[in-house]
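Here is a small set of exercises to work through with the structure in view. Try each task yourself, then follow the solution step by step.

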Amino acid sequence: MAKQPNRRVRADDMLSVSSSEELEQTIFRIGQLQTQLEIATAKTNQTIEDAKASLKETTTAINNEIKVLSKSAQIFFTANQQDIVPAGKKSRVFDVGEIGTRTPPLSVTVKNGQEVIDALSKLQEQLKLTDLLTTKTSANKSGLIKHREKLKDIPGITFNQKEQFFIKPVHVPIEHLTEVKESA
């Protein structure tokens, strides 16, 4: 389904609210519409969850069969690699696919963070290396906001705070949704 483009509200699309009573009715109607959206969203989310559950059952069975077949092929390949793969090669291409071995790039895992960083720092100093550790520095936004008066003359830092309009209707019970549809 294609996403609907956002469009600005034209003056022709707006209704005129001219009294407190009309304002209250408008807020109530917004609440009704928001409740309708919540219901539609909940139904859609439930449909999505049901589809995901159904898909998960199907994919779990397929993935389990793939694992069994792959393990069986790996065991046979490992035992018979000299007969399957041409000399000096690591894989063989069949009409239906390819099988072989590969060596992935070297990876590293760092555990015990601070202890390892301290050890690397000492080693880096001893061996006069510069590429074992990196330092990342970034602006602390909460600190900038806290000290904004002292920072107002620094180019590149701007502070923004704009008043925003909001409407927060009370939750409209489902039974009130049909009342407006019938009267409208």
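**Exercise 1. Find what joins the side chains of Glu149 and Lys152, and work out how exposed the two residues are.**

Step 1. The side chains of Glu149 and Lys152 come together in a salt bridge, with 3.6 Å from N to O. Here a salt bridge is a side-chain nitrogen of Lys or Arg within 4 Å of a carboxyl oxygen of Asp or Glu.

Step 2. Before going on, note that this is a predicted model, in which local features need pLDDT of at least 70 and side-chain atom pairs count only at pLDDT 80 or more, while totals for chains, interfaces and linings use all residues. Residues are numbered from 1 along each chain as its sequence is written, and side-chain values use heavy atoms, with hydrogens and water left out.

Step 3. For exposure, the cut-offs are these: buried means under 20% relative accessible area, exposed over 50%, and partly exposed in between (1.4 Å probe, protein chains only). Glu149 has a relative accessible area of 56%, so this residue is exposed. Lys152 stands at 53%, so Lys152 counts as exposed.

**Exercise 2. Locate the salt bridge that Lys52 forms, and place both partners in the secondary structure.**

Step 1. The partner of Lys52 is Glu49, and their closest N and O atoms are 4.0 Å apart.

Step 2. Both residues belong to helix α1 (residues 20–79), where they are three residues apart, about one turn of the helix. Helices (H or I, at least four residues) and strands (E, at least two) are DSSP runs, numbered from the N terminus.

Step 3. Lys52 has a relative accessible area of 49%, so Lys52 is partly exposed. Glu49, at 44%, is partly exposed too.

Step 4. By the salt-bridge rule, the count comes to two.

**Exercise 3. Describe how strands β1 and β2 are arranged.**

Step 1. Start with the overall order: there are six helices and two strands, and along the sequence they follow the pattern α-α-β-β-α-α-α-α.

Step 2. β1 (residues 91–94) and β2 (residues 97–100) pair in the antiparallel sense over four bridges. Two strands pair if DSSP finds at least two bridges between them.

Step 3. The two strands form a hairpin, with two residues between them. Opposite Ser91 you will find Gly100 in β2, and opposite Arg92 is Ile99 in β2.

**Exercise 4. What is the sign of phi in Lys128, and where in the chain is this residue found?**

Step 1. Phi of Lys128 is near 55°, a positive value in a residue other than glycine. Most residues other than glycine have a negative phi.

Step 2. Lys128 is found in the loop between α3 (113–127) and α4 (141–146).

Step 3. With a relative accessibility of 70%, Lys128 counts as exposed.

**Exercise 5. Work out how much of the protein is buried, then place Ile167.**

Step 1. Of the 184 residues of the protein, 7% count as buried.

Step 2. Ile167 lies in the loop between α5 (148–151) and α6 (175–183). Its relative accessibility is 34%, so Ile167 counts as partly exposed.
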